[in-house]
Amino acid sequence: MQNSKIIKRLTYITIAAFLCVVTVICGQVNLSAFAETVDGIRAAYENTNVWDNLQGSTIGGNAFNIDDYPHNENGKPQMISFVEFCYSCYSDKQDDFGLYIYVYNPQDIAFDTNTERNKIQFRCGNLPSAKYTLDFLNYSKAAGYEGRFYKFRIRLSLNERNSILKALNENSRVYEITEIELVVKGIVTSYSCGAKYTYSGYVKGYGSELAESDTLSCTVDGFDKTIELDVKHTFYRPQGDYYNGEQSQLNSCYFRLPNKYFEDYGELTKIICEWFEYFTKPILVTEDSYTYNKINALHGADTDTLSDDMYFLFNVFWENGKSNWFKKWGVSDWTSNYGYEIGDTYHWGFLGLNGAEFIYDDFSNFAAAFYTGGKPCEDYAIDGNALKEKLLNNSKYLGGELLNDRYSKYLFEDYVQNGYEYGINHKEINADDMQDVFWHVTTKDFWQTAFSGNFDVQTIYDSKKAIETISDIDLSGSDSEIAGSLYINECDVKSLKAEHTKAKANNETVVILRYSSTQYMCAPCTSSYCRKADVDGGETLVKTNVNNWGDGKINAYVSQETVYLDFDIISLWFTADGVETEIPVAASPMDIISGLTPPLEENYHNQKQKSILTMIFAIIAVVVLVGLIYLVVKNLFPKKTVIQLVEKKKKE
């Protein structure tokens with residue numbers, strides 16, 4: 001489209017309207033008066049309907065003809081115009097500047113308009129590619145063409161607006177558009193653009209004050225430095241790193257990349273991506289169908305409303321050793337519909353040596369619940385897609401404030417793990433960056449381990465490079481060996497092999513990006529319930545849970561994990577002979593929600609070390625026993641008495 005025609009016509013109409021008003025009020029007018037009516041000029045343009053804007057315009061060198069834009073149920077939305085509105089190189093005339101786009105919607109589908117997930121990605125001047133929110137303005141309402149065309153404003157913060165104005169070359173202003181992302185019923189889809197818009201000149205009144213006519217012009221060319229990626233997610237949780245319910249989790253994704261980019265631009269040295277990061281509330285996986293039905297029916301609501309006639313108690317034992325040789329007691333995170341208080345202590349048994357103390361904060365709700373079908377929970381995992389669907393379903397029931405337009409905020413904590421950012425994250429990941437993979441757990445204090453039952457640990461981290469390419473040798477061996485070598489989920493090895501096979505056939509290379517390392521929280525849980533009339537001050541439920549825990553009768557587990565919503569790769573950067581080249585990426589954002597796996601065994605410490613400890617304890621016990629026998633004999637039979645008895649025996 002020749003955008004200058006639209007802008008000129010609309011600007012003239014707007015200015016004419018303001019001229020009338022200002023002339024009536026003031027009796028005179030000059031261009032400087034418009035600086036005080038900035039919002040009015042933009043608002044007048046934004047309020048004009050997209051259908052009216054297109055009439056008489058030129059698109060792709062051809063006069064606009066509605067017959068060129070038919071309904072097509074298999075068609076894809078297209079950006080047909082990128083509008084630079086009222087640019088000026090003079091700082092006192094830049095307040096009217098704005099950017100807008102027009103979209104052809106061949107399916108006549110209803111885009112979600114009350115959302116911040118509609119996006120456009122472009123770069124201009126010396127700025128790198130970036131994403132900007134599209135604010136919906138209006139759509140065509142002509143009979144038979146309802147929703148055929150949409151008009152959006154590109155939302156710019158003051159800093160973004162100033163950066164763009166500063167970066168643009170006033171004589172030749174180039175915008176390279178990578179993609180638009182549009183949302184339909186909560187699902188966002190990327191549509192590649194690959195277009196370069198070059199603007200020059202000015203609308204009259206925004207260039208030289210001596211100009212007698214406008215000089216604005218625009219040319220549209222293809223933009224081939226962009227790539228579409230099919231991104232797949234994987235994660236890795238190593239065995240043997242359990243401590244207080246924590247497991248390391250390495251989060252990665254992989255994709256195929258044409259070899260021509262390596263040949264033309266050199267080594268892949270940097271990837272820019274973004275996501276929204278959140279941490280789930282506890283998620284329950286239980287063997288008990290009655291408990292599951294009750295929790296699942298809450299859809300994530302408070303456990304206070306769990307039952308009218310039954311009391312429930314859930315104890316999550318994050319810590320693995322709160323007992324010693326002298327008494328057994330339990331400490332846990334917990335939730336219940338009984339009125340327990342933090343700090344409550346319950347004791348029972350001989351001399352009250354058994355007991356439990358609620359010293360941790362309780363949690364109010366489960367984000368989701370799953371039933372094992374009666375199978376042992378320690379052998380039961382939950383697929384990531386199943387968890388995603390459960391969270392979405394619960395969000396529909398809960399309503400309220402939503403994260404990313406579709407997940408109830410109540411299903412997530414109001415914090416993320418230490419060292420990470422809640423909400424939007426924009427990351428620049430370099431090939432030489434290292435991601436911590438997991439820690440090896442070793443005890444530091446022998447006597448602490450032996451007598452208190454607690455484990456103080458020394459953490460030793462392993463690391464992996466953030467960006468690597470996959471070769472044949474990386475995929476040799478069993479699936480388990482490959483997963484352990486690349487630090488990916490064993491279930492994803494088959495998919496990775498398939499991608500590698502496709503890549504070889506198409507002269508491509510598979511790239512793996514390791515973008516984050518977090519802790520997956522998962523711990524054993526015991527739950528019990530009884531009729532409200534039967535409960536004994538809450539002690540019965542506590543005693544049942546702690547005894548079951550001590551006896552290893554675990555009937556559930558509880559997990560929490562970090563999720564990455566609208567994960568998106570923005571651009572790839574290559575380096576050859578010190579020269580950097582940015583390749584913008586078009587890819588649909590994805591919600592990355594990993595599956596749940598049961599907690600690792602609590603006795604994760606080295607078995608050899610345990611055997612040594614057992615042997616040492618046995619030796620100590622024997623020495624102590626011998627010493628006790630000696631003392632008893634010595635006290636019962638004094639030395640003199642023993643000698644006399646011996647001499648008497650000799651005489652006989």
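**Exercise 1. Pairing around S7**

Which residue in S7 is the bridge partner of asparagine 138? Work out how S7 is paired and how well it is covered.

*Solution.* Before we start, a word on the ground rules: this is a predicted model, in which local features need pLDDT of at least 70 and side-chain atom pairs count only at pLDDT 80 or more, while totals for chains, interfaces and linings use all residues. Residues are numbered from 1 along each chain as its sequence is written, and side-chain values use heavy atoms, with hydrogens and water left out.

Step 1. The bridge partner of asparagine 138 in S7 is lysine 151. Helices (H or I, at least four residues) and strands (E, at least two) are DSSP runs, numbered from the N terminus.

Step 2. S6 and S7 run antiparallel and are joined by 5 bridges; two strands pair if DSSP finds at least two bridges between them.

Step 3. S4 and S7 are also antiparallel, joined by 5 bridges. Here valine 103 has tyrosine 150 in S7 as its bridge partner.

Step 4. For the cover, 5 of the 6 residues of S7 (residues 149-154) are buried, where buried means under 20% relative accessible area, exposed over 50%, and partly exposed in between (1.4 Å probe, protein chains only).

**Exercise 2. The sheet as a whole**

Place S7 in its sheet and find the edge strands.

*Solution.* Step 1. The sheet is open and has 8 strands in the order S3-S4-S7-S6-S5-S8-S9-S10, with antiparallel pairing.

Step 2. S3 (78-85) and S10 are the edge strands, since each pairs on one side only.

Step 3. From one strand to the next, the twist averages 30°. Axes are lines fitted to C-alpha atoms, for helices over the stretch in contact, and angles run from 0 to 180 degrees between N-to-C directions.

Step 4. S5 (residues 119-124) and S6 (residues 130-139) pair in the antiparallel sense over 4 bridges, and glutamine 121 stands opposite lysine 131 in S6.

Step 5. Helix H4 (residues 158-167) packs on the sheet, touching S4 (98-104), S5 and S6. The direction of H4 makes about 35° with that of S5. Contact means heavy atoms within 4.5 Å.

**Exercise 3. A hairpin and its neighbour**

Follow the chain from S8 into S9, then cross to S10.

*Solution.* Step 1. S8 (residues 173-184) and S9 (residues 187-200) are antiparallel over 11 bridges. One of the paired residues is glutamate 179, whose partner in S9 is serine 192.

Step 2. S8 and S9 form a hairpin with 2 residues between them. Lysine 185, in the turn, has a positive phi of about 55°. For context, most residues other than glycine have a negative phi.

Step 3. On to S10 (residues 217-222), which pairs with S9 in the antiparallel sense over 6 bridges; alanine 195 stands opposite glycine 222 in S10.

**Exercise 4. Two packed helices**

How do H9 and H10 pack, and which residues make the contact?

*Solution.* Step 1. Two packed helices are described by the angle between their axes and the distance between the axes.

Step 2. H9 (residues 479-486) and H10 (residues 493-505) pack at about 80°, with axes 10 Å apart.

Step 3. H9 and H10 are therefore roughly perpendicular to each other. On the scale used, angles under 35 degrees count as roughly parallel, over 145 as roughly antiparallel, 65 to 115 as roughly perpendicular and the rest as oblique.

Step 4. H9 contributes Asp479, Ile482, Ala483 and Leu486 to the contact, and H10 contributes Val493, Leu496 and Lys497.

Step 5. These residues divide into 5 nonpolar, no polar and 2 charged. Ala, Val, Leu, Ile, Met, Phe, Trp, Tyr, Cys and Pro count as nonpolar, Asp, Glu, Lys and Arg as charged, and the others, Gly among them, as polar.

**Exercise 5. Buried or partly exposed?**

Is lysine 270 buried or exposed? Compare your approach on asparagine 507.

*Solution.* Step 1. Lysine 270 lies in S14 (residues 267-279) and is buried, with a relative accessible area of 9%.

Step 2. Not counting residues up to four places away in sequence, lysine 270 touches residues including Glu428, Trp573 and Glu580.

Step 3. Asparagine 507 is in the loop between H10 and S28 (508-531) and is partly exposed, at 46%. Its phi is near 55°, a positive value in a residue other than glycine.
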